[in-house]
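Open the structure in your viewer and keep the selection tool at hand. The tour goes from one selection to the next.

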Amino acid sequence: MNVLVVDDDEAIRTLVTRLFARRGDNVHSAADGDAAISCLEQHEFELLVLDLMMPRTDGFGVLSYLEARQGPKPRVIVMTAAVPALVQRVPEDLVVGVVAKPFNLATLLDLVEDAFLPAPLS
Amino acid sequence: MTALMEQNVDTGTRPLRVLLLAPTGRDASTMAGILSRAGFTAETCASAEELCRGIDEGAGVAVVTAEALTPPAMRRISATLATQPPWSEIPLMIFVAAPDMDRAARSFEGLGPRAYVTLIDRPIHVKTLLSSMRTALRSRLRQYDIRDLLDEQQKLLENERASALRLSGLAEASLAIASALSLDDVLQMITDQAAKVINSRFAMIWLKVEENAQTRTIWAISAGAERTRDDIDDATVVALDEIASTIRSTVLLTGRPLESVADLDAMLVAPLLEREGRTAGLLMLAERANAVFTPDDEAVLTQLAQMASVAVQNARLYREAQDANRAKDDFLATLAHELRTPMTGILGWVQMLKIDGVAQEDVDTAIEMIEGSTRVQARLVEDLLDVSRIIAGKLRVDLAPVELRPVVEAVVEMFQARAGERNITIDTRLEERPLSVYGDETRLHQIVWNLLSNAIKFTPEGGRVSVGLQLSGSKAVLRVSDSGQGISPEFLPYVFDRFRQFDNSTVRQQAGLGLGLAIVRHLVTLHGGQAAVASDGIGKGSTFTIMLPVLAVRVARAELPQLLTKPEMPSLNGIRILIVDDDDEAGKLVALVLNQLGADAREVASVADAVKELRLFEADIVVSDIAMPGEDGYALMRQLREIEPQLGRHIPTMALTAYGRPQDRTRILASGFQKYIQKPVEPVELARAIAELAQA
């Protein structure tokens with residue numbers, strides 16, 4: 001699947017990018033919100049792994065852009081080192097999971113699995 | 001009798017005149033004649049009506065003949081007596097023919113309960129009349145004494161009531177200050193109390209306070225005043241501003257100082273003073289009920305104004321404490337974020353290494369990333385430790401002569417790669433001449449590193465950072481400018497404060513804790529220098545300037561004891577030297593070196609002090625800095641030439657200066673200095689120059 005990884009910290013960005021690449025995903029990365037939005041405009045992604053606190057346009061800026069946008073939207077997993085009060089502000093319809101930094105790689109992958117499980121038949 | 005007659009003079013407040021009412025004018029004038037001759041003041045009245053008017057206006061005794069007391073006359077007199085004040089019982093002397101005495105006495109009951117009657121037999125004995133008259137007037141005088149006593153008591157009571165009101169008003173005002181009321185509420189309270197205590201219909205506080213770098217005007221007008229804030233126009237505000245700028249204590253302004261605040265004739269105005277003694281606002285009173293303002297009013301208003309000033313200061317301190325507290329909270333949140341970020345990279349990459357079948361390429365990346373994140377974290381911890389040392393007062397610097405340019409060049413070199421990644425150009429304009437300061441090389445490196453790191457962080461891709469190092473006077477000036485996001489005027493004063501970041505929103509403008517600049521300022525201070533920042537505002541870049549005193553002698557204090565052991569070092573035994581340098585540390589160091597070599601050296605920090613010292617201390621040689629604030633080295637030279645005839649000798653002089661251009665040298669020597677040495681000088685070079693000068 002097409003994944004976009006957004007984080008201003010180089011070590012984390014490279015780490016998460018490698019993690020999904022090893023799974024066989026097609027991964028793009030961006031170091032801030034502006035770069036992320038221009039990526040989202042050019043390609044279609046199923047998953048967006050997004051940091052919240054970043055220079056210039058932050059994670060909330062990217063989420064606002066997605067909310068306003070028409071058409072298919074990626075599922076979003078937020079990863080953050082910020083205080084819980086901040087995390088409560090993320091829009092729930094877009095964000096399928098939140099991981100607190102520092103996190104286990106397995107936790108992040110489990111969240112992705114859950115997000116893409118087929119909806120149970122009712 | 002004489003004493004009493006002297007008192008017969010009508011004093012106005014104690015009238016002792018005798019009023020006479022007789023049915024015939026002849027009777028009256030006969031009696032008036034007798035009384036006048038005896039020294040009394042007698043006035044005849046034509047009717048009961050006139051007598052009563054006389055009593056109301058004030059009199060000592062009323063004399064009436066029985067015949068004049070017709071029933072209407074008695075009713076009229078009774079009515080007048082009934083309206084006299086409680087202390088007053090005017091003696092009423094009635095002339096009655098002896099046989100009628102009993103009947104007459106009964107009939108006079110018609111004069112009412114307040115009549116104080118003395119019956120005098122007719123025909124009249126002059127002696128009896130005069131003695132009765134004196135008795136009556138003495139009685140009247142005692143009544144006046146009682147009246148004065150009552151008046152005095154009344155006045156005391158009123159004063160007591162007024163001071164109780166003042167006290168309770170002041171107490172209420174001070175309670176309000178101690179309460180949790182907002183500043184506006186406290187000022188309203190004080191305004192209301194001012195109007196109440198000083199019994200005025202209009203009281204107003206007008207005050208300008210600084211809040212978050214903005215000026216807010218507070219208006220408080222006493223409750224029940226006819227005027228409101230809307231009645232105060234721009235012209236009045238201008239007038240208020242002018243009054244505030246001129247008064248320092250409570251004053252009475254008369255002649256309509258504020259035309260536009262309709263009809264305010266006299267105003268009592270007290271300044272609200274700030275800590276620095278500046279007038280921040282005014283407490284004003286007008287329309288004192290039934291009276292003019294008194295010195296008491298002035299004292300009360302001054303106290304209320306002082307209370308208002310205290311309230312303003314309390315509010316400011318409270319706000320500052322709250323801000324500092326909030327800044328600390330924000331800092332802790334940032335700290336948590338900043339510590340977790342590198343931790344995430346380290347932990348994640350370690351997990352990656354543990355995955356089976358990890359590629360060599362990933363291993364290399366992992367090691368590089370772990371190292372980078374660890375360095376970031378180490379730097380954070382270092383900064384935290386530095387700040388904790390600063391707070392504990394335990395940050396020490398190890399001072400020695402340091403050449404500044406290599407330090408700046410090394411740091412610029414370190415940042416070239418990082419700047420290149422983001423297409424940022426670093427321009428450098430560094431002084432060619434050597435610029436030595438007395439400093440801690442590691443800490444100087446840290447200062448430059450922090451400034452440059454900030455500049456690059458805040459500069460967008462493709463931007464420009466410039467680094468300048470120059471000599472200005474006897475200061476080395478390091479300037480780091482960027483074309484980055486700039487600093488808002490509100491934040492500018494706090495840039496160097498601990499726990500403050502440019503932005504506390506989620507937009508993470510800079511990685512790091514925002515401690516770097518606080519550390520920079522502290523380190524610069526420890527080096528005897530100053531740190532400053534300038535920015536034209538958001539989006540307009542910023543410039544950080546560090547000024548450090550340049551070194552005069554290239555020597556560390558620790559090396560001083562070894563100086564004499566150097567074989568090439570000349571001895572300066574017994575040479576008396578006066579050192580003039582506005583930089584205390586520089587002057588002291590030069591003196592230490594010279595004293596170590598046997599000289600008797602003293603240092604002063606200004607030209608004025610040098611001239612004073614020269615009259616007391618017979619210096620053989622003067623060593624002076626050139627660039628000094630106020631009077632410089634050239635001024636010293638001119639004054640020295642003037643006082644030399646008085647001193648009776650010529651004193652050789654040497655310039656020890658950071659000025660190093662050829663034209664500087666020419667000018668200095670042309671002005672009269674015999675020798676010129678550029679800062680920083682090697683101790684041996686300095687000693688040789690002094691020895692040569694001493695021999696010349």
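This is a predicted model. Select Leu594(B) to begin. Beyond its neighbours within four places in sequence, Leu594(B) is in contact with Leu572(B), Ile577(B), Ala599(B), Ala601(B) and Ile690(B).

**The largest nonpolar core**

Now add Ile577(B) and Val590(B). Together with Leu594(B), these residues touch the most other members of the largest nonpolar core, which has 87 residues. Next, select helix H12 of chain B, residues 441–458. This helix gives the core its largest share, eight residues. Colour domain 3 (396–549) and domain 4 (557–695) of chain B. Both give residues to this core, so it lies between them.

**Another core**

Move on to Trp206(B), Leu272(B), Met284(B) and Val312(B). They are among the 41 residues of another core, apart from the largest one. In general, nonpolar side chains tend to be buried together in soluble globular proteins.

**The sheet**

Select strands S1 to S5 of chain B. They form an open sheet of five strands, in the order S2-S1-S3-S4-S5, with parallel pairing. Which strands are at the edges? They are S2 (42–45) and S5 (116–122) of chain B, and each pairs on one side only. From one strand to the next, the twist averages 25°.

Zoom in on S1(B), residues 18–21. Four bridges join S1(B) to S2(B), and the two run parallel. Pick Leu19(B): its bridge partner in S2(B) is Glu43(B).

Finish with helix H2 of chain B, residues 25–37. H2(B) packs on the sheet and touches S1, S2 and S3 (61–65) of chain B. The direction of H2(B) makes about 170° with that of S2(B).

Technical notes: Residues numbered from 1 in each chain as written. Chains lettered and ligands numbered in written order. Predicted model: local features only at pLDDT ≥ 70, side-chain atom pairs only at ≥ 80, totals over all residues. Core = buried A, V, L, I, M, F, W, Y, C linked by C-beta atoms within 7 Å. Buried ≥ 20, exposed ≤ 12 C-beta atoms within 10 Å, placed from the backbone. Domains from an automatic or database assignment. Contact = placed C-beta atoms within 7 Å. Pairing = 2+ DSSP bridges. Axes fitted to C-alpha atoms, helices over the stretch in contact; angles between N-to-C directions.
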